[in-house]
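Here are a few notes to read alongside the picture. Have the structure open and look for each spot as you go.

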Amino acid sequence: MKALCWHGKKDVRYDTVPDPTIEDDRDAIIKVTSCAICGSDLHLFDGFMPGMKRGDILGHEFMGEVMEVGKANKKLKVGDRVVVPFTICCGECDQCRRGNFSVCERSNRNKDVADKVFGHTTAGLFGYTHLTGGYAGGQAEYVRVPYADFAPVKIPDGLSDEQVLFLGDIFPTGWQAAVQCDIEPTDTVAVWGAGPVGQFAIRSAVLLGARQVICIDNLEDRLSMARAGGAITINFDEESVLERLQELTDGKGPEKCIDAVGMEAHVGRSIDSVVDRAKQAVFAESDRPHVLREMMYVCRPGGVLSIPGVYGGLVDKLPFGALMNKGLTVRTGQTHVNRWTDDLLARIESGQIDPSFVITHTAALADGPEMYKVFRDKQDSCIKVVLKPGQTSSHSQARSAQ
Ligand code: NAD
Ligand code: ZN
Ligand code: ZN
């Protein structure tokens, strides 16, 4: 079959690889009909996440049709249409029983390594480094889904791939980021990053009843989509983030702050980001925590910092004194996808939200290597790319951001 494979920094290839097969009785094999490139994939593309090997199949946001099921799989049958959460979870361990699916105790095949790096293992993830199990991903024609009798979400007829695909990752990620803020009707929620995760965090914060949602980025097309979703926007190239946030909150600061940027934050000329870039380049620091610093500083005392943005390892010079003395709460994590999917699917079905708003580019899987660059460099107003394994043409179709 064909798949997008990682071959090193900024090197993704459309390779021919062996077809997946059932390895365990609970498995299923899915024929992928749509998959997406996530901001988390960019951390692999840019070479910031350790633990990839040449030839690894990428992709953790995908959906498709069940082709084959293992003997013990009583949930799925051939022909079912499913979205597959990016977190692989057994559904039975202590953490899964608590709904903490992204820290499933069983699904990481390289648990020993993760135990050493993080203190305790986290869940296996599709297409996302050997630290999280080294599982083949879904930017492929077919994919093996382990524990497929638990996590896959069956999709009712009448909904398009574009409406439901993001249930596997960015929609619940934005949603969890907002839920973790415990939003009150008087709250201002500030969201750093107007990428796909930020867009869903904004719409979720609006749905959860925030008084005011503010979004920070420097890309006009993304800020425009954020405004369409109900946010006031700040372009950090043009104005001071801290001053504007103070102004918009009568000098008190936002009660709730969401980091939808993660380890590759950029902020033009600020001293701390220059230092971070230099340290990251020589591996003296793995992540650039500019947004974390800004959030800790500007957040209103007693507030919440919610961090869906991915960090991999060590960060430097966090103003922990501000965090401690202001009594801030930090909530973070890879998304516990299945905790939210029933509710979010119902919201899509009822027409409360149509997640396809975020898609700016649709292309054939074969065009994946090029689309990684387009998404990485935000060319052509790119916000979210959907790839179609079934599509043969190499002519990408783009539609402008809404
Ligand atoms: P993206 O790269 O498309 O978006 C990031 C946005 O942040 C960009 O628009 C960029 O311009 C902006 N940005 C950069 N520096 C900034 C700064 N200093 N201030 C404000 N904005 C800044 O990525 P995405 O798909 O939206 O993902 C965002 C983050 O969420 C990534 O770190 C990704 O790995 C993470 N993520 C986490 C989960 C999870 O389970 N927790 C799931 C999906 C994605
Ligand atoms: Zn992702
Ligand atoms: Zn589990």
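1. Before anything else, keep in mind that this is a predicted model. A good place to start is strand β12: Ile 216 in that strand has Trp 192 standing opposite. The two strands to look at here are β11 (residues 188-192) and β12 (residues 212-217), which pair in the parallel sense over 5 bridges.

2. Now zoom out to the sheet. It is an open one with 6 strands, paired in parallel and ordered β13-β12-β11-β14-β15-β16. The edges are β13 (232-235) and β16 (329-332); each has a single partner strand, so one side of each has no neighbour in the sheet. On average, neighbouring strands are turned by 20 degrees against each other, direction ignored.

3. Next, find helix α10 (residues 290-298). This helix lies across β11, β14 (256-259) and β15 (304-307), and runs at about 180 degrees to β14.

4. Time for some rings: the whole structure has 6 aromatic pairs. In one of them, Phe 62 and Phe 126 meet edge-to-face, 5.1 Å centre to centre with 90 degrees between the planes. Phe 62 belongs to strand β5 (residues 61-69) and Phe 126 to the loop between β8 (124-125) and β9 (142-145), so the pair ties together parts 64 residues apart in sequence. Both Phe 62 and Phe 126 are buried.

5. Compare Phe 101 and Phe 150: their ring centres are 5.5 Å apart and their planes at 45 degrees, so this pair is tilted. Phe 101 is buried, at 8% relative accessible area, while Phe 150 is partly exposed, at 26%.

6. Finally, a charge over a ring: the charged end of Arg 109 sits over Tyr 135, 4.1 Å from the ring centre.

Key: Residues numbered from 1 in each chain as written. Chains lettered and ligands numbered in written order. Predicted model: local features only at pLDDT ≥ 70, side-chain atom pairs only at ≥ 80, totals over all residues. Heavy atoms only, no water. Pairing = 2+ DSSP bridges. Helix = DSSP H or I, 4+ residues; strand = E, 2+ residues; numbered from the N terminus. Axes fitted to C-alpha atoms, helices over the stretch in contact; angles between N-to-C directions. Contact = heavy atoms within 4.5 Å. Phe/Tyr/Trp six-rings, centres within 6.5 Å; stacked < 30°, edge-to-face > 60°. Buried < 20%, exposed > 50% of the residue type's maximum accessible area, 1.4 Å probe, protein only. Lys NZ or Arg CZ within 6 Å of the ring centre and 35° of its normal.
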